[in-house]
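Me: I'd like to go through the charged side chains of this model with you, and then a few other spots. Could you take it step by step?

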Amino acid sequence: MSPGLFTDDEIRDARNTDLASFLMSRGEHLKVSGAGYSWTHNGEPYSIKENLWFNHYQQKGGNAIEFAKSVFNLGFIDAVKLLTGISDYELEERTSGAKSIAAQLQDEFDEQLKKLNDEMILMGT
């Protein structure tokens, strides 16, 4: 899991997002170019094929997560959310569940520590 928020499968799905389909679903216009597509964003030409992209102006490319980070100026978490459609609400539910488990474990630890303390006091140490 990445920062405890996403499963490995979710990260893999985000990384493997078909970028042409993703962009077209957002109303972007792409041109068929060989086995992939060409797309222009802010005056910069991109080549796109499946989950891979290349910005010819900047001479860089990568997978779909790197695309979202670069093109939309997002961090890793927001890029994965964008590509997978995972909502802030769902992430909040996940983290609050994790916090509940951590709080439960802390309570159990505190209880055990108190018992040990009490036993040591009774033993006179």
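Me: How many salt bridges does the count come to?
Reply: The count comes to 4 salt bridges, where a salt bridge is a side-chain nitrogen of Lys or Arg within 4 Å of a carboxyl oxygen of Asp or Glu. Please keep in mind that this is a predicted model, in which local features need pLDDT of at least 70 and side-chain atom pairs count only at pLDDT 80 or more, while totals for chains, interfaces and linings use all residues. Residues are numbered from 1 along each chain as its sequence is written, and side-chain values use heavy atoms, with hydrogens and water left out.

Me: Which side chain meets Arg-12 in a salt bridge?
Reply: That is Asp-9, with an N to O distance of 2.8 Å. Both residues lie in helix α1 (residues 8–15), 3 residues apart, which is about one turn of the helix; helices here are DSSP runs of H or I with at least four residues, strands are runs of E with at least two, and both are numbered from the N terminus.

Me: And is Asp-9 buried or exposed?
Reply: Neither, because its relative accessibility of 43% makes Asp-9 partly exposed, and Arg-12 is also partly exposed, at 39%. Buried means under 20% relative accessible area, exposed means over 50%, and partly exposed is in between, with a 1.4 Å probe and protein chains only.

Me: Moving on to Lys-81, what does its side chain meet in helix α4?
Reply: Lys-81 meets Asp-78 in a salt bridge of 3.2 Å, N to O, and the two lie 3 residues apart in helix α4 (residues 76–84), about one turn of the helix. Lys-81 also forms a salt bridge with Asp-88, where the closest N and O atoms are 2.2 Å apart. Through shared partners, salt bridges join Asp-78, Lys-81 and Asp-88 into one network.

Me: Why does Lys-81 count as buried?
Reply: Lys-81 counts as buried because its relative accessibility is 15%, whereas Asp-78 is partly exposed at 37% and Asp-88 is exposed at 51%. The buried residues of α4 are Ala-79, Val-80, Lys-81 and Leu-83.

Me: What follows α4?
Reply: Gly-85 follows α4, and its phi is positive, near 80°.

Me: Different topic: which residues gather in the patch of negative charge?
Reply: Asp-107, Glu-108, Asp-110 and Glu-111 gather in that patch on the surface. Patches are made of residues with over 30% relative accessible area and no salt bridge, with like charges joined within 9 Å and nonpolar side chains (Val, Leu, Ile, Met, Phe, Trp, Tyr) within 5 Å. Asp-110 lies in helix α5 (residues 88–123) and is partly exposed, with a relative accessible area of 37%.

Me: What does the side chain of Asn-55 reach?
Reply: It reaches the backbone nitrogen of Tyr-57 at 2.8 Å. Asn-55 is found in strand β4 (residues 52–55) and counts as buried, at 0% relative accessibility.

Me: Last one, where is Glu-66?
Reply: Glu-66 has its place in helix α3 (residues 64–71) and is partly exposed, at 36% relative accessibility. The C-alpha atoms of Glu-66 and Ala-14 are separated by 10.0 Å, although these residues are 52 residues apart along the chain.

Terms used:
Areas by Shrake-Rupley, 256 points an atom, 1.4 Å probe, with all protein chains shown as cover. Lys, Arg positive; Asp, Glu negative; His and termini not counted. Charge placed at Lys NZ, Arg CZ, Asp CG, Glu CD. Polar contact = N/O pair within 3.5 Å; in protein donor to acceptor, adjacent residues only side chain to side chain.
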